[in-house]
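Colleague: Could you pick one part of this model and take me through it closely? I'd like the detail on that part, and then a bit on what else is worth a look.

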Amino acid sequence: MKKIITLVFVSALGGLLTLGGYKLFVENDAQLLAVEQSSDYPVFVPTNNSNSINVNKVSTPDFVDAAEKSLDAVVHVKNTSVVSSTMQDLFYGRQSQRAQVGTGSGVVISPTGYIVTNNHVIKNANEISITLNNNKSYIAEVIGSDETTDIALLKIDTEDDLPFMAFGDSDNAKVGEWVLAVGNPFNLTSTVTAGIISAKARDLSGQHMQSFIQTDAAVNPGNSGGALVNTNGDLIGINTAISSQTGSYIGYSFAVPSNIARKIVNDIMEYGNVQNGILGVVGGALNSAAAKELGTDITEGFYVSDVQEDTGADKAGIKTGDIIKRIDKVEIHKFSDLTGYLKTKSPDDVVNVTLLRDGNEEMLPVTLLKPSSYTLPTIGLIKNPSEKDLKRYNTEYGVKISELDANYKSNWLKSGVEEGSIITRINGKKLYTVEDAQNAIKTRLYNEPLQIEVINKNGEKIVYNFR
């Protein structure tokens, strides 16, 4: 019994000593450590969150105002055309001709009823019907169109002024900027989709004749001719094309920049056709391979390989070997930068061309001129005719053969076609100027035969077909 009491006493004493040591050493150190750690971090005091600012809140674009500004100005376009029957139709006893309906979109650009759309939306139409956002329908008149840029201008007559959109400045649009596509895909009227500008000055033709704004806003069949707008509701493009293997949207859509569309519309309204001003240079965009071949370390810009005689570039002093880096305030990185900006200009406009020559930067003012000559495939050099030239061949339209292609000259002479002969049509289109011939070649479909109508030295109109 005495041993048990002694054991309990020793255990209790050991416990008291352990507790006292913990209090004296360990706990004090732990408190000190806690104080040292807290000094490295801010102290958060509870507050009323209803009046506080959420520092983690991400700013997102608001498309409501832009959509409200554009919805009523975007219209539904219905194209009714008459097409000939196929062999299958004839086999089953169907009518030899039948109506075919296509749909698209358009943008009202004036309160008096002018509407801009794509040329391919209204091409070959026998009747064009416009339906407004309030479901009122009207028959439209085609004022004019341009196949090269795929822009057309329509007009409807209404009782009241229409909601409309003014053209914005597409040159100020930035890659990465939010945009809306407004149109009527798959006949779903008044549809708005959002995306960003993915790139500018895109050329899908491979012939340096296009300069699209590329976006990832969803665009599908029926959106063609609709509006591309920024978050301010400014019209910065006319939706025109998609890149797709299925025929529907897969992430790439393209719009004609508003500055080009506005220029085309103004020309159609003032002149009835498009007035292009040319610089007068021949060449191509630089890259690593081209720079190495040319012996330069410059990999961006437009290299001038030739200057056309009697053009603005020739008169301003631009020379072979110059590298164009900028026109006005537009940087020239590739060919489509150059052609896209020039499409916004007219004959007699003056542009400031900044170029590199022998390592030095120079700026030359250049007056743009109408194209006066063009090298036509298989024919040779053609020029605008004088009234005397046309009268000699008893025609009111056409372009003159100035110099026959050396490779085909003997064949042409055997056919009675000589230098001075008049070309009146290309693929059925009447030619009034060299520019008409140039556009006829540029808008020719892939693998489409080339048909040229010529008045020979005997005054005979002969049609030549080339494949």
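Modeller: Let's go with helix α11, which gives the lining of the second largest pocket its largest share, four residues. Keep in mind that this is a predicted model. The helix runs over residues 434–442 and is mostly covered, with seven of its nine residues buried. Those seven are V434, E435, A437, Q438, N439, A440 and I441.

What sits over them? Among the elements that cover the buried residues of α11 are several strands: β20 (373–376), β21 (380–383), β22 (399–404), β23 (422–426), β24 (429–430) and β25 (450–455).

Now the pocket itself. The second largest pocket has a volume of about 770 Å³, and 30 residues line it. Closest to its centre are S145, D146, K429, D436 and N439. Among these, N439 is also one of the buried residues of α11. The helix shares the job of lining this pocket with other elements: α4 (119–122), β6 (141–146) and β24 each supply at least two residues, as does α11. Sorted by class, the lining comes out as 13 polar, ten charged and seven nonpolar residues.

D436 deserves a stop of its own. This residue lies in helix α11 and is one of the residues closest to the centre of the second largest pocket. Is D436 buried or partly exposed? Its relative accessible area is 25%, so D436 counts as partly exposed; the cut-off for buried is under 20%. If you leave out residues up to four places away in sequence, D436 touches K430 and L431. There is also a longer-range relation to look at: D436 and V399 are 37 residues apart in sequence, yet 9.2 Å apart in space, C-alpha to C-alpha.

That's the helix. For the wider setting, the protein has eleven helices and 26 strands. Of its 467 residues, 41% are buried. Take the contacts with a separation of 6 or more: 57% of them are between residues 24 or more positions apart. The exposed surface comes to about 26400 Å², and carbon and sulfur atoms supply 51% of that.

The salt bridges are worth a visit too. Side chains of opposite charge can pair when their charged atoms come close. In this model there are twelve salt bridges, and I'd pull up three of them. One pairs the side chains of K263 and D267, with 2.7 Å from N to O. These two are four residues apart in helix α5 (residues 258–271), which means they are separated by about one helical turn. An α-helix has 3.6 residues a turn, so residues three or four places apart point the same way. Both K263 and D267 are buried.

The next one is R357 with D322, whose closest N and O atoms are 2.8 Å apart. Here the link is between distant parts of the chain: R357 is in strand β18 (residues 350–357), while D322 is in the loop between α7 (312–316) and β16 (323–327), and the two are 35 residues apart. R357 has 15% relative accessibility and therefore counts as buried, and D322 is buried as well, with a relative accessible area of 2%.

R357 has another partner. Its side chain also meets that of E362 in a salt bridge, 3.8 Å from N to O. E362 has 29% relative accessibility, so it counts as partly exposed. Through the shared partner, the salt bridges join D322, R357 and E362 into one network.

One last place to zoom in on: enclosed space. Rolling a probe the size of a water molecule over the atoms shows where empty space is left. Searching the whole structure turns up one cavity of 30 Å³ or more. The volume of the largest cavity is about 40 Å³, and the residues lining it are I278, Q308, E309, T311, P371, S372 and S373. By class, that lining divides into four polar, two nonpolar and one charged.

If you want a single view to keep, centre on D436, one of the residues closest to the centre of the second largest pocket, and bring in α4, β6 and β24, which each supply at least two residues of the lining alongside α11.

Technical notes
Residues numbered from 1 in each chain as written. Predicted model: local features only at pLDDT ≥ 70, side-chain atom pairs only at ≥ 80, totals over all residues. Heavy atoms only, no water. Buried < 20%, exposed > 50% of the residue type's maximum accessible area, 1.4 Å probe, protein only. Contact = heavy atoms within 4.5 Å. Areas by Shrake-Rupley, 256 points an atom, 1.4 Å probe, with all protein chains shown as cover. Salt bridge = Lys/Arg side-chain N within 4 Å of Asp/Glu carboxyl O. 1 Å grid on protein atoms, 1.4 Å probe; cavity = no way out; pocket = protein on both sides within 12 Å on 5 of 7 lines; lining within 4 Å. Points joined across faces, edges and corners; volume = space filled by probe spheres on them. Nonpolar A, V, L, I, M, F, W, Y, C, P; charged D, E, K, R; others polar.
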